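Please open the structure in your viewer and keep the selection tool at hand. The tour goes from the whole chain to a few aromatic side chains.

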Amino acid sequence: MTRTSRPRRTATRWLSGAAFLGPGLIYLIVLMLIPLALVLGYTVFQRGRFGGIVYEFTTENFARLIDPLYLDVVLDSLKLATITTVIALLLGYPTAYVIANLPRKWKTIALVAIVLPFWTSFIIRMYALTILMSGPGLINSLLGTEFELLYNEGAIVVGLLYSYLPLMVLPLYSSIERLDPQLLEASANLGASRATTFRRVTLPMTLPGAMTGALFVFVPSFGNFVIPELLGGGKSLMVGNLIQTEFLKARDWPFGSTLALALIAVLLVLLLVQARVARRA
């Protein structure tokens with residue numbers, strides 16, 4: 001190989017890599033990095049008298065984050081997202097466990113049934129759930145009651161659970177499916193009961209899947225604004241609704257950007273915690 005051919009091969013390899021990475025990098029830069037930079041930049045400016053942005057430096061937006069009015073909204077969002085995640089884990093783990101132990105034919109059918117709701121528009125599903133849970137809706141008709149199922153925190157949790165439960169089941173199913181059967185057999189041969197085997201072997205080895213599913217459920221639940229608006233009737237304000245209000249109604253882009261940045265920071269912390277737990281597991 002000549003000396004001149006080596007730089008040519010290096011240049012060709014670099015151009016090939018750039019050709020493959022280029023579209024993805026452009027996508028990330030245009031649709032993620034630039035908007036994120038704008039949001040970060042807006043946080044240190046002031047709101048104009050009639051909306052918009054006045055390019056004068058201020059730290060007031062960060063001080064407003066600890067205002068009890070906004071802090072209560074964040075705490076309510078954390079509460080509803082946590083409740084949804086815990087219920088999703090309690091329902092999703094046995095569901096994923098049963099699916100993982102089904103015969104291959106029925107396993108495929110069960111997985112299709114799990115992801116089937118995602119084939120329909122999110123808004124259509126929420127309106128359908130609103131009709132089902134309304135006063136004279138199907139649920140009250142079947143039960144013969146007149147419970148007020150809508151416009152409360154319970155309805156929001158049901159909507160979030162209905163929307164994001166598959167995101168809990170699928171990572172758990174993947175973790176349970178990859179379990180080595182020989183480990184379970186070894187545990188049984190050593191005299192461990194099924195409950196002990198589950199507690200000492202199955203549960204620790206599927207913890208990364210549980211953490212991933214919890215993250216997949218918690219993150220969109222925490223920032224959701226459509227479900228609280230439709231099923232909650234706007235009575236329970238969440239962080240997503242607050243950000244939407246600040247941008248579209250109050251036209252306070254600097255403070256809306258500060259709220260969005262705080263939400264991103266919380267999610268980054270959760271991602272780091274999940275990665276640490278998965279690494280230890």
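**A tour from charges to rings**

Begin by colouring the charged residues of this predicted model: the chain has 23 positive and 14 negative charges, and the mean positions of the two groups are 19 Å apart.

Now show the whole chain as a cartoon, where you can follow 13 helices and two strands. The radius of gyration is 24 Å, well over the 19 Å that the globule rule gives for 281 residues, so the chain is more spread out than a compact globule. If you turn the C-alpha trace along its principal axes, it spans about 85 × 70 × 35 Å. Switching to a surface view shows about 17,500 Å² exposed by the chain, with carbon and sulfur atoms supplying 69% of it, while 33% of the 281 residues count as buried.

Next, select the aromatic rings, among which a search of the whole structure finds seven pairs. One of them joins Y93 and F198, edge-to-face, at 5.6 Å centre to centre and with 85° between the planes. Because Y93 lies in helix α3 (residues 68-100) and F198 in helix α9 (residues 194-205), this pair ties together parts that are 105 residues apart in sequence. Is each partner buried or exposed? Y93 is buried, at 9% relative accessible area, whereas F198 counts as partly exposed at 31%.

Keep F198 selected and add Y97, whose ring centre is 6.3 Å from that of F198, with the planes at 85°, so this pair is edge-to-face. Y97 is partly exposed, with a relative accessible area of 32%.

Finally, select Y42, F247 and W253, which form one aromatic cluster.

Key
Residues numbered from 1 in each chain as written. Predicted model: local features only at pLDDT ≥ 70, side-chain atom pairs only at ≥ 80, totals over all residues. Heavy atoms only, no water. Helix = DSSP H or I, 4+ residues; strand = E, 2+ residues; numbered from the N terminus. Rg over C-alpha atoms; globule rule 2.2 N^0.38 Å. Buried < 20%, exposed > 50% of the residue type's maximum accessible area, 1.4 Å probe, protein only. Areas by Shrake-Rupley, 256 points an atom, 1.4 Å probe, with all protein chains shown as cover. Lys, Arg positive; Asp, Glu negative; His and termini not counted. Charge placed at Lys NZ, Arg CZ, Asp CG, Glu CD. Phe/Tyr/Trp six-rings, centres within 6.5 Å; stacked < 30°, edge-to-face > 60°.
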